[in-house]
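Grab a pencil and work through these exercises with the viewer open. Try each task yourself before you read the solution.

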Amino acid sequence: MNKIFYIVTTCFIIYCTGLKAQWSVLNTDQIPKQTAFKYQRFTKQDWDSSNFASPEQMKWFTNARYGMFIHFGLSAYVDKDISWEICETRKAPDMGHGAYPDSVWKSWPSKFKLENFNADEWVQIAKDAGMKYVVVIAKHHDGFHMWDTKFSDFKITNTPFGRDYLREIADACHKISMPFGIYYSQRDWHHPDYAPVDTSKTVNSQDGLVWKSLKGGNAVPGATHKQYLEYQRNVVRELCTKYGKIDLFWFDAAWWGGMFTADMWDAEQLTRMMRKLQPNIIINNRTSIPGDFDTPEQEVGRYQTRPWESALTLNGNWAYSALPNLSKKQLLRDLFSSAQGNGNVLLSWGAHWDGRFDPAQKTLLLDMGSWLKKYGQAFYETKGGPWMPGKWGGATYKGNKVYLYVYDWKDGKVNLPEIAGNSILSAKYLNIEGKAGYENKKGKWEFSAPVNPDSIATIIELLMKKPISRILSSANHSVFDGVEYGTVIRDFDIHARDWKMNRYTIDLKEKFKVTGIGIYGSKNQIIVKTSSDGKNWTEAGKINPEATEISLTTYMTGAQVLGRSIQYIQLSIPGDPAAVKIKVYSK
């Protein structure tokens, strides 16, 4: 089993910094030093001694490719993201403060009525949107229970709404055989016993994220944390016994380079109990043990054989907000790119305070669902490959059928390596009119652009002589080859004479969500700073001949996510000014 879920990273090494998505790997896997926070490493012994779902139990999940993530709770009162933006008090190892005093946000349950909540409607929208499973927040970091628990009075049944919200969604899912999942955060800034870190006996490091004992080793828990673990075991048992079949469980205290550790949750024993109570459950990797699947967030993951799921949002916020939604094109491309990398998307939205599904978001999701209903055979129940995804698009396959998703017909062509021992019997467009043309050219299959390519993705269905049995891996020459970095928005040369007092400032003319900066050709170190207003500057990193690319990230709701809103880039070169080539990426 472990060999089947063994992560394949050798051919996909990344040279970036600061990304804190969550991937579980063996310590023999090759990963770049710069991205240590991105991966939690395990010895083979620790991996093999952990607990996993079987390949057969994972099959529905990898076939599904697309799920609904429901982020809804007290923060909806002010249209804010769950917990992070509201809770003034956060408990270590989490740092910082939210915007609302505890006395304020803890009064909001008295206003919770959900007059327009309809669980059946929500789940039907998920189905009509092409989503194949639903994951709902049961408890976020604010500690408010969205179910009728026996172990706390801080719960939804003690509000004017008075009903068990979680049960109604579970029942709605079970009614139409929609796989049902529960999100539960181990972090709890409300519970009096929660104390995974005793701040009097520990010291923090690595930008405040990781705490270590003053005597060395992992963080020391507070005196009351043992009672919290007993509470947590009770409520997780309750969730696994009161709501019928639970298909998926989503924990949320990711390793983050050592910020959270398995002993903080007694993770092995907790998850083994869950598998006894729900024998077919699958569990993510956010208890600092390997788990059944990896969990990047707010970015599309890269190809690997071990299952993974990107948690993405409709408009940058996990819960409801009035921010403009992403386009149908962008959202569908994120779905397709995830499938091409052999992963899933869990797309998040949240209701208004009264329980209404926002009409614009509903329309967007249903529009996506109509597209998927027409062309879903190229998406659902497929595997990623046999060619790696890139800027041009990517591929999925099922048996002896391959589906090419072409986003960018550069120079009117797409060239792909032939598959040794296999051949194309036929090629046809799945979603546009016309005849798909291709030629064999020196070990490559060259596909020509149609007269009218589809604006989202031109899908070509290839009927192969034999079923696909191997993946054509190819090393990335640049971290920016990955689709998560978007495209080049600025590409130009700086001459040695252009530097003024050993500085050079780039004005992008407007704010972009810049994901990366590449500076090539300098033999000297270059310090890179960014700014949104040209006055306040943040250091982004240092460029040198061995590290020519910088990923830009933003700390958002407890994680570093790709992209930073900037307009200005300032370069400083301590040595002699040099001629360099600059590429700026944005998505």
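**Exercise 1. Work out whether strand 28 is mostly enclosed or mostly open, and find its partner strands.**

Solution. Keep in mind that you're looking at a predicted model.

Step 1: Find strand 28, which covers residues 580-586. Five of its seven residues are buried, so the rest of the structure largely encloses this strand.

Step 2: Look for partners. Strand 20 (residues 487-494) pairs with strand 28 in the antiparallel sense, over seven bridges. One pair to check by eye is R490 with its bridge partner V584 in strand 28.

Step 3: Now turn to strand 21 (residues 503-520), which runs antiparallel to strand 28 and is joined to it by six bridges. Here you can check Y520, whose bridge partner in strand 28 is K581.

**Exercise 2. Say which strands stand at the edges of the sheet 15-18-17, and what that leaves them without.**

Solution. Step 1: Read the order. The sheet is open, has three strands in the order 15-18-17, and its pairing is antiparallel.

Step 2: Count partners. Strand 15 (413-417) and strand 17 (438-441) each have a single partner strand, so one side of each has no neighbour in the sheet. Those two are the edge strands.

Step 3: Check the twist, which averages 25 degrees from one strand to the next.

Step 4: Zoom in on one pairing. Strand 17 and strand 18 (residues 444-448) are antiparallel partners over four bridges, and N440 has W445 in strand 18 as its bridge partner.

**Exercise 3. Describe the surroundings of E309: is its side chain buried or exposed, and what does it touch?**

Solution. Step 1: Locate E309 in strand 10 (residues 309-313).

Step 2: Look for a charge partner. E309 is buried but has no salt bridge. R286 is the nearest side chain of opposite charge, and it sits 8.2 Å away. A salt bridge needs the nitrogen and oxygen atoms within 4 Å.

Step 3: Look for another polar partner. The E309 side chain makes a polar contact with the side chain of Y133, at 2.5 Å.

Step 4: List some contacts that are further off in sequence. Among them are F61, W250, F293 and L346.

Step 5: Follow that last one. L346 is in strand 11 (residues 344-349) and is buried, with a relative accessible area of 0%. Besides E309, its contacts include Y133 and W250, and those two residues also touch E309.

**Exercise 4. For three salt bridges, decide how exposed each partner is and which parts of the chain are linked.**

Solution. The whole structure has 22 salt bridges, so to speak a big pool; let's take three. Step 1: D120 and K175 form a salt bridge, with their closest N and O atoms 3.0 Å apart. This pair links distant parts of the chain, as D120 is in helix 4 (residues 119-128) and K175 is in helix 5, 55 residues apart. D120 is partly exposed at 39% relative accessible area, and K175 is exposed at 58%.

Step 2: D188 pairs with K139, and here the closest N and O atoms are 3.0 Å apart. D188 lies in the loop between strand 5 and strand 6 (202-205), while K139 is in strand 4 (residues 134-139), 49 residues apart. D188 is buried, with a relative accessible area of 1%, and K139 is buried at 0%.

Step 3: D334 and K587 form a salt bridge with closest N and O atoms 3.1 Å apart. D334 is in helix 8 (residues 328-340) and K587 is in the segment after strand 28, so the pair ties together parts that are 253 residues apart in sequence. D334 counts as buried at 10% relative accessibility, whereas K587 counts as partly exposed at 36%.

**Exercise 5. Find where the backbone has cis peptide bonds and where residues other than glycine have a positive phi.**

Solution. Step 1: Recall the usual case. Most peptide bonds are trans, and most residues other than glycine have a negative phi.

Step 2: Find the cis bonds. One joins A92 and P93, with omega about 15 degrees, and P93 lies in the loop between strand 3 (66-70) and helix 3 (102-105). Another runs from G385 to P386, with omega near 10 degrees; P386 lies in the loop between strand 12 (383-384) and strand 13 (393-398).

Step 3: Find the positive phi values. S177 has a phi of about 55 degrees and sits in the loop between helix 5 (165-175) and strand 5 (180-184). S177 counts as exposed, at 64% relative accessibility. For E381, phi is near 60 degrees, and this residue lies in the loop between helix 9 (359-375) and strand 12.

Terms used: Residues numbered from 1 in each chain as written. Predicted model: local features only at pLDDT ≥ 70, side-chain atom pairs only at ≥ 80, totals over all residues. Heavy atoms only, no water. Buried < 20%, exposed > 50% of the residue type's maximum accessible area, 1.4 Å probe, protein only. Lys, Arg positive; Asp, Glu negative; His and termini not counted. Polar contact = N/O pair within 3.5 Å; in protein donor to acceptor, adjacent residues only side chain to side chain. Contact = heavy atoms within 4.5 Å. Pairing = 2+ DSSP bridges. Axes fitted to C-alpha atoms, helices over the stretch in contact; angles between N-to-C directions. Lists of a residue's contacts leave out its neighbours within four places in sequence.
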